[in-house]
Amino acid sequence: MPDTLDAPITLADGTDDAPAYPIKRRCPYHMPPGYEELRDKSPISRVTLWNGRVAWLVTGNEVGRRLFPDQRLSSDVLDPRFPLLAPRIEAQRQQAAAPPLVGVDDPVHARQRRMVLPSFGIRQVNALRPVIQRYADELLDKMLAKDPGTTVDLLTEYALPMPSAVICTLLGVPYEDHHYFDERSRHVLSSSGPEQAAQAQQAFTEILTYLDNLISRKQDEPGDTLLDELISRQLEEGKVDRHELAMLATVLLVSGHETTSNMIALSTMALLAHPEQLQALRADESLMPRAVDELMRYASIGDMLMRVAKEDIEIEGHLIKAGDGVILSTMLMNRDPESFERPDELDIHRQAGRHVGFGYGIHQCIGQNLARAEMEIALATLLRRVPTLRLAVPADQIGVNAPFVLQGVTELPVTW
Amino acid sequence: MHISIDSNRCIGSAQCAVTVPAVFEQDEDGLSTVIAGREDGAGQPLVREAARACPVQAITLTETDRT
Ligand code: HEM
Ligand code: SF4
């Protein structure tokens, strides 16, 4: 008989078979306490969510790669059975409209994805590289104008404004408005605590309203950015309605901010803790693309990807029943010893290609080429221009995000 | 070997084009195609890895008599 979520469980060692989840990281890039035990139960185990609900946790790399593309697993956040990691997300669901791309299944997903895909291709991203480089240099010019020995927050001075400026440029949001989004995107993706649910909700609505107004302005005065193209090729031809377009732009803007900025901050911190690897990167910038993939694997900042089963799925002796919640842990899949040797070690020289840090299946990150370019340029420029860069406080005093949001640090005080 | 891409499944992740740029390329729509004349893999060692990396398994490799 296959094992199901509601089957009674007896365990010889008497430990809790479905531990509370998610678990807060102590260090922003190491596995949180309890992950060793979950990894021992690979490839699939169970966890208990905040509201007492038990869900499946997928931790094995190979099994995860089989499940990610499985169409019986749905990203439909409006399904009342969709598993939620915290009450604040419950509040966000009251919006009654699913976020485009991430929160919908095919065929709606495929239609939306193909609308925006051309702007995220390799050629388009390569054409943006000089722009990305210029933003990186401008931000460092400002930072380095301060006296050596000054403490600055690298997150707000560099890691966040850089991707922000880039996604604003790509979408066609005027540069002078990008500060407006920096803070609001943070509230949407990384605010912690149930009391901030309202704040996250409000930030999302404000961004949505801003973009809706921007669409009107652009209809009067067209330009040549992604948003302009979407207006002329999709909106005015009736292929997308106005609300969907504004929502789509909001999702792109928000996901383009916080994700990359957290990775730039965490990568900097992880490299400072591995000086010999940092030195190797400084000496040979051609190592950067591979290093970025390894850092993605190692930090796995989008650890928990949620799905709901629309049909029964039998896998590895388990029966995932229709309606069950399934959580794919990218961190555990990326640290599966069957797929990666010495999985808990950072090794920028390894071929980390098979990580799932950008997800897998139809929702695999649409911004991954852009994110890679941003990370490569941000890190290479920082290492090159600030040779004496170091943390301004001990690493263990740096605040770590709540466990149910994108992983990252609350600030990154550095000096040089 | 013969390589084909199911363009209905492709989500334009560009994994294939990044892994083996000599065989795969992205078209104007952001979807990937096999470069004309390279359907046999052009002797590129990483073709299999690219097929494996595809997040939606849109790449099919068929063995022919002579690979
Ligand atoms: C290092 C930075 C980034 C990381 C770690 C990251 C991670 C991810 C992950 C794990 C997913 C899959 C979600 C799922 O399966 O449920 C995803 C999807 C997505 N990402 Fe990223 N991302 C990054 C950068 C970006 C950037 C720069 C953009 C720019 C627009 C972006 C836009 C999106 C969108 C729109 C989706 C949904 C795609 C779909 O559903 O088809 N991401 N990302
Ligand atoms: S790896 Fe697969 S999904 Fe990605 S571009 Fe190539 S064929 Fe398309």
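Modeller: A:Leu101 is found in the loop between H3 and H4 of chain A. Keep in mind that we're looking at a predicted model.

Biologist: Fine, but what makes the phi of A:Leu101 worth flagging?

Modeller: Its sign. Most residues other than glycine have a negative phi. A:Leu101 is not a glycine, and its phi is positive, about 65°.

Biologist: And what kind of peptide bond joins A:Asp106 and A:Pro107?

Modeller: A cis one, with omega about 10°. A:Pro107 also lies in the loop between helix H3 (87-93) and H4 of chain A. Another cis bond joins A:Tyr21 and A:Pro22, where omega is about 0°; A:Pro22 is in the segment before helix H1 (35-40) of chain A. Most peptide bonds are trans.

Biologist: How do you know that the predictor is confident about chain A?

Modeller: From the pLDDT, which runs from 0 to 100. Chain A averages 90, and 93% of its residues score at least 70. For chain B the mean is 92, with 96% at 70 or more. On the model as a whole, ipTM is 0.93 and pTM is 0.94.

Biologist: Where in chain A does pLDDT stay under 50?

Modeller: Over residues 10-15. The model gives that stretch one contact beyond four places in sequence. Where pLDDT is low, the coordinates should not be read in detail.

Biologist: Now ligand 2. How do you know that ligand 2 takes up the space of a cavity?

Modeller: The test is that more than half of its atoms lie within 2 Å of the grid points. Ligand 2 takes the space of the second largest cavity, so it meets that test.

Biologist: And what makes that space a cavity?

Modeller: A 1.4 Å probe fits there but cannot get out. The second largest cavity has a volume of about 80 Å³, and the search finds five cavities of 30 Å³ or more. Its lining has 14 residues, with B:Cys10, B:Gly12, B:Ser13, B:Cys16 and B:Cys54 nearest the centre.

Biologist: Which residues come nearest to ligand 2 itself?

Modeller: B:Cys10, B:Ser13, B:Cys16, B:Ser32 and B:Cys54, out of 13 around it.

Biologist: How does the shell around ligand 2 divide by class?

Modeller: Nine nonpolar, four polar and no charged residues. Cys counts as nonpolar, so B:Cys10, B:Cys16 and B:Cys54 fall in the nonpolar group. The cavity lining has ten nonpolar, four polar and, again, no charged residues.

Biologist: Then why is the space of about 900 Å³ called a pocket?

Modeller: A pocket is an open set of points with protein on both sides along at least five of seven lines, and this space is called a pocket because it fits that rule. Of its 36 lining residues, A:Asp293, A:Gln351, A:Gly353, B:Val18 and B:Thr19 are closest to the centre. Helix H15 (368-385) of chain A gives the largest share of the lining, five residues. By class, the lining has eleven nonpolar, twelve polar and 13 charged residues.

Biologist: What lies closest to the centre of the second largest pocket?

Modeller: A:Pro69, A:Gln71, A:Asp106, A:Ile362 and B:Val56, out of 26 lining residues. There's about 510 Å³ of space in that pocket. Helix H4 (residues 108-116) of chain A brings the largest share of the lining, four residues. By class, the lining divides into eleven nonpolar, seven polar and eight charged.

Technical notes
Residues are numbered from 1 along each chain as its sequence is written. Chains are lettered from A and ligands numbered from 1 in the order in which they are written. This is a predicted model: local features need pLDDT of at least 70, side-chain atom pairs count only at pLDDT 80 or more; totals for chains, interfaces and linings use all residues. Side-chain values use heavy atoms; hydrogens and water are left out. Contact means heavy atoms within 4.5 Å. A residue is near a molecule or strand if one of its heavy atoms lies within 4 Å of it. On a 1 Å grid over the protein atoms alone, a cavity is a set of points where a 1.4 Å probe fits but cannot get out, and a pocket is an open set with protein on both sides within 12 Å along at least five of seven lines; lining residues have an atom within 4 Å of a point. Grid points are joined across faces, edges and corners, and a volume is the space filled by probe spheres set on the points. Helices (H or I, at least four residues) and strands (E, at least two) are DSSP runs, numbered from the N terminus.
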